[in-house]
Amino acid sequence: MRIRAQSEINNSGRGRIGSLKAAAGRLSREQAKEALVRLDAAIGPSRGRQAREAMVKFLNTLVPTYSWVGIYAVEGTDLVLDAWAGPAATEHTRIPIGKGVCGFAAKAARTEIISDVSKDPRYLECFLSTRAEIVVPISNQGGVIGEIDIDSDQLDAFSSVDREFLEVVARKAGTIWS
Ligand code: SME
C-alpha cells in the first residue's frame with residue numbers, strides 16, 4: 001500500500017497514481033514512522049544487493065514525491081549505480097567522488113538536500129522532470145560505502161523529515177550491505 005499525501009486523500013482516495021503523484025505533498029512524520037515499519041517487512045531477511053533492490057523499489061512505490069530512487073556503491077574513487085527504481089534509467093551509472101551532488105555528498109560524508117536543482121551548479125542532470133534532489137551517504141566503520149540518491153519532480157520536495165527518515169534507512173542499508 002502506498003502512503004498517500006494529504007492532498008491525494010482529499011482528492012479522491014481512489015489512487016489515480018499519475019495525476020496524484022504531481023499533486024503529492026511532502027512526507028509527514030507519521031508517514032515516515034509507518035514507512036520504517038513497512039520497510040523492514042519489505043526487506044525481510046534479505047541482505048546485500050537483494051536488500052538494496054527491495055529498498056529502492058519500496059521507497060519509489062510508497063512515497064509519492066520520490067520520483068526516482070537509486071543506491072550507488074563506492075568502488076575505488078567512483079560511485080557506481082547498484083540498484084534503482086523509477087520510470088527511466090539514468091546515464092549516470094558511474095560518478096567520480098567529488099563530482100555532482102552525488103559525488104559531493106560522498107566526499108563530504110553528509111546529506112545534501114537540493115530544493116531547486118536548476119540553482120545548484122554541482123547538479124548533474126539525469127531527468128528533465130527533476131526539480132529537487134536528496135543524497136544520503138551510507139557508511140560503515142570504515143567510512144562512506146554508498147549512498148541513497150532520490151530525485152523528485154516536485155520543487156522543494158525534501159524536508160528535515162525526509163532527511164531523518166532516509167538517514168535511518170541509510171543506517172539500515174549499511175548494516176546489511178553484504
Ligand atoms: N543528479 C545527480 C546525478 C545522479 S542522477 O540524479 C540519478 C548528481 O548531481 O550527482
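Of the 178 residues that make up the chain in this predicted model, 49% count as buried. The chain comprises six helices and six strands, and the order of these elements, read from the N terminus, is α-α-α-α-β-β-β-α-β-β-β-α.

The ligand sits in the largest cavity, where 13 residues surround the ligand, with Val101, Cys102, Leu124, Cys126 and Glu133 coming nearest. At least two residues of this shell are supplied by each of β1 (68–75), α5 (100–108) and β6 (143–152), and the greatest contribution is that of α5, which gives three residues. In terms of residue class, the shell divides into eight nonpolar, two polar and three charged residues.

Polar contacts to the ligand involve both backbone and side-chain atoms of the protein. On the backbone side, a polar atom of Leu124 is placed 2.7 Å from a nitrogen atom of the ligand. Among the side chains, Glu133 brings a polar atom to 3.0 Å from a ligand nitrogen atom, whereas Asp149 has a polar side-chain atom at 3.4 Å from an oxygen atom of the ligand. The ligand taken alone exposes 300 Å², of which the protein buries 100%. Leu124 and Glu133, which provide two of these polar contacts, are also among the residues that come nearest to the ligand.

Methods:
Residues are numbered from 1 along each chain as its sequence is written. This is a predicted model: local features need pLDDT of at least 70, side-chain atom pairs count only at pLDDT 80 or more; totals for chains, interfaces and linings use all residues. Side-chain values use heavy atoms; hydrogens and water are left out. A residue is near a molecule or strand if one of its heavy atoms lies within 4 Å of it. A polar contact is a pair of N or O atoms within 3.5 Å; within protein, one must be able to donate a hydrogen and the other to accept it, and residues adjacent in sequence count only if both atoms are side-chain atoms. Accessible areas come from the Shrake-Rupley method with a 1.4 Å probe; for residues, only the protein chains shown count as cover. On a 1 Å grid over the protein atoms alone, a cavity is a set of points where a 1.4 Å probe fits but cannot get out, and a pocket is an open set with protein on both sides within 12 Å along at least five of seven lines; lining residues have an atom within 4 Å of a point. A molecule sits in a cavity or pocket if more than half of its atoms lie within 2 Å of its grid points. Helices (H or I, at least four residues) and strands (E, at least two) are DSSP runs, numbered from the N terminus. Ala, Val, Leu, Ile, Met, Phe, Trp, Tyr, Cys and Pro count as nonpolar, Asp, Glu, Lys and Arg as charged, and the others, Gly among them, as polar. Buried means under 20% relative accessible area, exposed over 50%, partly exposed in between (1.4 Å probe, protein chains only).
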